[in-house]
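Reader: Could you please take me through this protein model one step at a time, explaining each term as it comes up?

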Amino acid sequence: MHTISEKQPSLFPFYEGIKLEKTKKPYYFRLLKDIFDGKYNLEQVNECQCRSRNLEPLSRQDRFGLPFGTVICKDCGLILTTPRLSAKDLPQFYRDIYWGLVLGENSAELSTGDKEKAADIYQLMKNHVPSLDDKNLTIIEIGCGSGVKLNTLKELFSKDNILTTVYGCDFSEEAVSKAKDKGLEVYKGGPEVLAGKKADLVILSHVLEHFIDIKNELKAITGLMDNGGYLYIEVPGVCDLLNKSEYGYNYLIYSIMAHNYNFNLTSLRSAVEPSGFKFIAGDEYVRSIFQYSNTPVAERVNTANNYSRILSYLEQLEKMRKAEESKLSRKVKKWFLKKLSGETHE
Ligand SMILES: [Zn+2]
């Protein structure tokens, strides 16, 4: 007989979720209600992007304690969210739930850090793409938000006397109108709304992890690129969580149901290279540059040890989390004892 506990993943068992701020709670309950009412179709994920079905359960809840877990592919190390919302439900989810759930009333946070992100893209391009200097650049950003990155890149490249033409697209009407206010040529929708344009550089910053069918989305994106064009991809890297204290060294706080995939650099390469993208440079943060070629990329990343590498990283992370937790509880205990003995007078 199977008990519930036997079915729990060993590394990350039951999780009740972070404490939600008041302004985020209505969105959490609305999502639960909409799922219960059948307004969203949940899909079980049985196959990895690499076609392997060798998937191992990793977690059962996300950051909010919502019943969206993850599995890890034993063949390539890609982490997949399951169940997940279906592709046709995503516009409704992003319109009604997502921003309220992650930001609450703090919608000003929307573009926090985008200037720094643009500076990272600029620097990475300067370091790894020497041919940049002798041309005018066309840049397209998919999921460009209010256009802060595009605007900043324009400024940065103009200091080097590189002339840029920039275009963007985003599903959020509000973001698109803000970008237009900045004088940017930005359209509402996905890559298809930019058909006919060709970019030297396409940017996907914190977008790819939200996709469902990566190959299909990349196919649409290559339609916007010439042979030899560059693709910048940034995603929150799972093998960088020891450097991101904002997640409290907790994989479950990092894991969010809107991310259909969690990558490290190797599993990202493995998901992207088959679509004609040659790896140029990247780190575990993950910030990466690929170059598009319309002939198949010969040199592919070796994923043989990636599954075990990620698992041992996550085990190390759990040790760190527990150590931090006991440090904190020691501090609380000390404070409490002090209080009891009357040493503190506040
Ligand atoms: Zn796989």
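The questions and answers below go from the domains to the core and then to the sheet.

Author: This is a predicted model, in which local features need pLDDT of at least 70 and side-chain atom pairs count only at pLDDT 80 or more, while totals for chains, interfaces and linings use all residues. Residues are numbered from 1 along each chain as its sequence is written.

Reader: How far apart do the C-alpha centres of domain 1 and domain 2 lie?
Author: The domain bounds come from an automatic or database domain assignment, which divides the protein into domain 1 (4–107) and domain 2 (112–255 + 262–292). Between the C-alpha centres of these two domains the distance is 24 Å.

Reader: How many residues does the contact take from domain 1, and how many from domain 2?
Author: Two residues are in contact if their C-beta atoms, placed from the backbone, lie within 7 Å. Counted in this way, the contact takes 17 residues from domain 1 and 15 residues from domain 2.

Reader: Where does the largest nonpolar core lie, and why?
Author: A nonpolar core is a set of buried Ala, Val, Leu, Ile, Met, Phe, Trp, Tyr and Cys residues joined through C-beta atoms within 7 Å, and a residue is buried if 20 or more other C-beta atoms lie within 10 Å of its own, exposed if 12 or fewer, and partly exposed in between. The largest such core has 69 residues, of which Leu78, Val202, Leu231, Tyr232 and Ile233 touch the most other members. Because domain 1 and domain 2 both give residues to this core, it lies between them.

Reader: Which strands stand at the edges of the open sheet?
Author: Strands (E, at least two residues) and helices (H or I, at least four) are DSSP runs numbered from the N terminus, and two strands pair if DSSP finds at least two bridges between them. The 7 strands of the open sheet follow the order S8-S7-S6-S9-S10-S13-S12, with mixed pairing. Each edge strand has a single partner, so one side of it is left without a neighbour in the sheet, and these edge strands are S8 (185–188) and S12 (277–282).

Reader: Which residue in S10 stands opposite valine 202?
Author: Strand S9 (residues 199–205) and strand S10 (residues 225–234) run parallel and are joined by 6 bridges. Opposite valine 202, the residue in S10 is leucine 231.

Reader: How many of the 7 residues of S7 are buried?
Author: Strand S7 runs parallel to strand S6 (residues 137–142), with 6 bridges joining them. S7 is mostly covered, and its number of buried residues is 5.
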